[in-house]
Amino acid sequence: MRPSIAAVSYPVAGEAGERPLLAVWLLLALSVVVPVLPAIPVVGYLVRALAASERGDSLPPFLADGRTLLRRSLGGLVVCLALLGVPFAALLVTVYGIVTLEPGANAPVGRILAGSTAVLFVGLLGTYLAPVALTAYGRDGSLRGAFSGATLRPVAGHAAYFFGWTLGFTALVVTVGVGGALFTLSRIGPLAGTFVLAYGLLVTVYLWGRAVERARRR
């Protein structure tokens, strides 16, 4: 099967069929009504999906092991906060500083540009390393191993991972753009938007998981 077809069909392929996709979709849709809490299990499942993709397996059943799913959810949140929390917080501080400037005050353009560039760089670096760390955590269940230089460096520095990560990041950007546009529709907007987001996230983790596997294998 061609890689592009494998990626697009991954969310509904395998013995579990479309059930994992439906579970992710329903939880994301529920998180529109009840913020944050329903999306936490989705984090754990995406971690498991990354590890499955790296092994070359299809998506696992969503509730195959509830206790492991909970641990992977909490651990995945720790990894994401460690790699993405600082640049996100810095971005909020930068935006807050801009919007609270007094009318007519001279904005420190140089510092704003320098800060914004640094935040963008650190954010991209965290986004680049996050799939490697999350896949390692999903595979081994060790937070220490997920942040180990011996885990991150060989994969992150490999051209095969860079190519696969770029494909996955592009899929994620398209997913967020299309899903966000659908959210604006009346009535069915949240349902349509979260479905696209669920499908796109599973395609993205497939591409990133395979990228990690190719980099480790070579």
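Helices here are DSSP runs of H or I with at least four residues, numbered from the N terminus. The model is predicted, so local features need pLDDT of at least 70 and side-chain atom pairs count only at pLDDT 80 or more, while totals for chains, interfaces and linings use all residues. Residues are numbered from 1 along each chain as its sequence is written, and side-chain values use heavy atoms, leaving out hydrogens and water.

**Exercise 1.** Work out how Glu-213 pairs with Arg-210 and Arg-217.

*Solution.*
- Start with the helix: Glu-213 and Arg-210 sit three residues apart in helix H9 (residues 189–217), about one helical turn.
- Next, check the pair: their side chains form a salt bridge at 3.3 Å, N to O (a side-chain nitrogen of Lys or Arg within 4 Å of a carboxyl oxygen of Asp or Glu).
- Now go the other way: Arg-217 is four residues from Glu-213, also in helix H9, and this pair meets at 2.9 Å.
- Last, look at burial: Glu-213 is buried at 15% relative accessible area, whereas Arg-217 is exposed at 53% (buried is under 20%, exposed over 50%, partly exposed in between, with a 1.4 Å probe and protein chains only).

**Exercise 2.** Find out which side chain of opposite charge is nearest to Arg-72, and where that residue's own partner is.

*Solution.*
- Locate Arg-72: helix H4, residues 66–99.
- Look for a partner: Arg-72 is buried but has no salt bridge, and the nearest side chain of opposite charge, Asp-140, is 8.0 Å away (Lys and Arg count as positive, Asp and Glu as negative; His and chain ends are not counted).
- Turn to Asp-140: its side chain meets Arg-139 in a salt bridge at 3.6 Å, N to O.
- Widen the view: Glu-54, Arg-139, Asp-140 and Arg-216 form a salt-bridge network.

Definitions and conventions. Helix = DSSP H or I, 4+ residues; strand = E, 2+ residues; numbered from the N terminus.
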